[in-house]
Amino acid sequence: MSDRSGAKPEIRLRDYQPPGWWIDAVELEFDLDPQATEVAARLDLRRNPPLAEAPLVLDAEAMELLEIRVDGQPLPDALWSLADGRLAIHWRGERARVETRVRIAPERNTALEGLYLSGSRETGFLLTQCEAEGFRRITPFLDRPDVLSRYTVTLRADKARFPRLLANGNAAGAGELPDGRHWARFVDPHPKPSYLFALVAGRLQTIEDAFTTAEGRRVRLFIHAEADAIGRCGWAMQCLRQAMAWDEERFGRCYDLDQFHIVATHDFTMGAMENKGLNIFNAKYLLADPDTATDDDYRHVLAVIGHEYFHNWSGNRVTCRDWFQLCLKEGLTVYREQEFESDLASSTLRRIEDVKTLWRAQFPEDDGPLAHPVRPERYSEINNFYTATVYEKGAEIVRMLALVLGREGFRRGLELYFERHDGQAATVEEFLAALGEANQRDLSPWLGWYAQAGTPTLVAETRHDAARQVLELTLRQHTAPTPGQADKAPLPIPVALALFDHAGRALPLQPEPATGSAGVDGVVLLDHVEASFRFGGIAEPPVISLLRGYSAPVRLQQEIGTAALASLVRHEGDGFNRWFAADALARRLFGEVLAGRDHAALLGAWTGSVADVVADPSVDPALAAELLGIADAGSLGDGLAEVDPEAVLAARQVLETGLAGALEELLLARHRSLAMGEDEAGSLAAQGRRRLRNACLGLLCHADRRHLALAAAQLESADTLTDRLAALAALLRHQADGHAAALQAFADRHVGEPLVLDKWFALQATAPLPESVERVRELSHHAAFRWSNPNKVYALFGSFAMRNFGGFHRAGGAGYRLLVEAILRLDGPTPQVAARLATAFGGWRRLEPHRRALMHAELDRLAADARSADVSDILRRTLAA
């Protein structure tokens, strides 16, 4: 059996072979106990005829095999072997009923894959996490996504210790057993891959609701959590009902079982898991009330509830043929989630946040040693490919397809995809074929987006012919080489655009014949290296707004003046592009400051345009708040040939000081005007006002320390966690008198509330202070910190490495050493968590020489001591030439 240490062999997409055997039906029986659980499995197998000579080999890790039978008879030792995580059965028949009985130890399963214990032996509960390869740690199986089976599951356990028993599918019976035990049975009528299997057993409280689908099915809805958390699940239930209704209306997708369960846990390596009919959630994406959840938390609960529910079709009913197709379920579902939140909350805010995530996480991934296509060509550890490229860039591809097909065309294509592949494991090619066939279009060129790594650069140039009143827009694309892909092909890039005069009035788009392809209204499609597009009836040189709504995940290089960008900030009707223009001005200013050039005029243009929008009471407060934000140092440094962290931070400080100083009076007036009323904490209006007021507060405290009194007053009177954290962050960052006591008082108030204390850890880990390394090390010994809990590790060490640019890159390398020590400590018990932290070193080659050498030395130290396949894979690719 494998111990999951050391390097794994590389698996390649081009080597894919269908399984040699199919498993039509699965019967599982669990005798549950934290120390020793016994699992009996009965698998009905049949050969795949094209592979008649294929051996019967089941995946089996971290288990003790107690018994094996075939067709009811004990299998002689000579006819089976168990080694290196594989159970080989020597069987030449066309069918076989394989029965196994194994023993596993959930409480010793610190990797949190398979069946494990959340919490203590005495009070915790049992649950599973099987994606991507956790089911092989429960019972021997063909643990691959293209083997779909129907499951019947029986659970037995001590009733006092595990009163709640849950598994996938519909409830099919329950009863009492001798010695205080009980049982429950579940039948899932829909075939599913093993990664979607789930069970839960423990002392859980429940809230219940119901939903009647458009097809007339009455679905019972359950959310389960421990007693101290169940009172914070009401918002999640509202979100679930909204998601079910939205998916019916937008995409015609109805739920297909009689019940839907969601379970909250604090011990989870992911955000949530879409197991068929039994979703398991990291508690941070399920629990919400005004005292323990921020406004962003409320929105995240809405989004993640939607995401996991939408997987019922895009992932469960139609799954992925192999793990190379992971983007097929995740990219599509992220897009559906984005549209859901945009329809129910602020579409502009959601789009801005999605693009900032793309720039902060995915663009650096595309530029670094861990670059890979949205559909990878190879992997050795699949856990390391749950990346921003697969999720966020994958969603951007789907968004582009939806744009060029139109709303109804995309729905028509998606309906054909679901109808054609229901109950199957599909590929990217089949997804594109269905969308194209439903719209009589050849979408095969879009496969390039899935196959090619790297972020395209889009160069835009304009020429105005006054005599002919014609504007000519020339677009060119180029993608730099990435590891293993030196040559890049042109990709189809939809460019949404609008024209304005210099007073901000929109001009009609009148396309003329051009060398490029025309798309839907207001969109041109660049599908060659270069193309030109002409628009008539343009008397004066216009202001052109490109990539409206961020219509393609590219870097834009545009010939546009400062005054034109400022005009777009003031007048663009697309909220995203107002922010996009303001961000472009700020980045242009950052470049001038970094180069030491005079920047007074540029600073005035940027702050003046932002001030005009922030002062306008008709503007969405959430958008105004985003305009007051400045990209973080890591994002500002993106694109620099060589990154000097101190220079980047100093230049960003100039921007922040300039904005705060120029707008101080306006910020104070807006802060006063946004005093909170009696609005419901979760209402969109109240959330927008809080967002803007807290953005004003942060800049005011930067402009003048006397405004720290506003932060102290807000901390004292705030009735939401959003306002308390914003005030506390300002006091901490500027080391206001009494900030240490305020931090302690916050911790004392929320003792016993782990999700709130995660924010407390993260707040201190990200504070831009000289002693941040020492503070993080000190906090790792705090009574509320647990190395075994992924949320705590990400809150402290993940926040420090990913969001404290100055602390992580501190001169001398102390930040690098701190993170390596944490990774080595985590590598044995929770390798997935360790590997995710290790990705923080991905940009080491772009650092200035001194820090580059320091980080390289720490990477070499880490590589020498790493034990897991997860971390070893990240390091191998990070250090590769």
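A disulfide is a pair of cysteine sulfur atoms within 2.5 Å. In this predicted model, a search of the whole structure for such pairs returns zero disulfides. C130 takes part in none; its nearest cysteine sulfur, that of C320, lies 14 Å away. C130 is also buried, with a relative accessibility of 0%. For C254, the closest cysteine sulfur belongs to C239. The separation there is 20 Å, so the two sulfurs are too far apart for a bond. C254 counts as buried because its relative accessible area, 8%, falls under 20%.

C239 recurs in the packing of two helices, as one of the α1 residues that meet α3. Two packed helices are described by the angle between their axes and the distance between the axes. Helix α1 covers residues 234–251, and helix α3 covers residues 326–344. Their axes come within 11 Å and cross at roughly 105°. The two helices are therefore roughly perpendicular, since angles of 65 to 115 degrees fall in that class. On the α1 side, the contact is made by C239, Q242, A243, W246, D247, R250 and F251. On the α3 side, the residues are Y335, R336, E339, F340, D343 and L344. By class, seven residues of this contact are nonpolar, one is polar and five are charged.

Helix α1 also belongs to the surroundings of a sheet. Five strands form this open sheet, in the order β17-β18-β19-β21-β20, and the pairing is mixed. The edges are β17 (205–212) and β20 (272–273). Each edge strand has a single partner, so one side of each is left without a neighbour in the sheet. β17 runs antiparallel to β18 (residues 218–225), and eight bridges join the two. Within this pair, A210 stands opposite R220 in β18. Helix α1 packs on the sheet through β17, β18 and β19 (259–265). The direction of α1 makes about 25° with that of β17. Helix α2 (residues 295–310) packs on the sheet as well, touching β19, β20 and β21 (278–282). The direction of α2 makes about 150° with that of β21. Strand β19 thus appears in the contacts of α1 and in those of α2.

A further open sheet has four strands, ordered β10-β11-β16-β13, with antiparallel pairing. Its edge strands are β10 (114–118) and β13 (164–167), and each pairs on one side only. From one strand to the next, the twist averages 15°. Strand β10 is joined by five bridges to β11 (residues 125–129), and the two run antiparallel. In this pairing, G114 stands opposite Q129 in β11.

One loop residue was also examined. A539 lies in the loop between β32 (530–536) and β33 (543–546). With a relative accessibility of 40%, A539 counts as partly exposed. This value lies between the limits for the other two classes, under 20% for buried and over 50% for exposed. Leaving aside residues up to four places away in sequence, A539 touches H464 and Q469. A539 is 311 residues from D228 in sequence. In space, the C-alpha atoms of A539 and D228 are 67 Å apart.

Note on methods
Residues are numbered from 1 along each chain as its sequence is written. This is a predicted model: local features need pLDDT of at least 70, side-chain atom pairs count only at pLDDT 80 or more; totals for chains, interfaces and linings use all residues. Side-chain values use heavy atoms; hydrogens and water are left out. Buried means under 20% relative accessible area, exposed over 50%, partly exposed in between (1.4 Å probe, protein chains only). Axes are lines fitted to C-alpha atoms, for helices over the stretch in contact, and angles run from 0 to 180 degrees between N-to-C directions. Angles under 35 degrees count as roughly parallel, over 145 as roughly antiparallel, 65 to 115 as roughly perpendicular and the rest as oblique. Contact means heavy atoms within 4.5 Å. Ala, Val, Leu, Ile, Met, Phe, Trp, Tyr, Cys and Pro count as nonpolar, Asp, Glu, Lys and Arg as charged, and the others, Gly among them, as polar. Two strands pair if DSSP finds at least two bridges between them.
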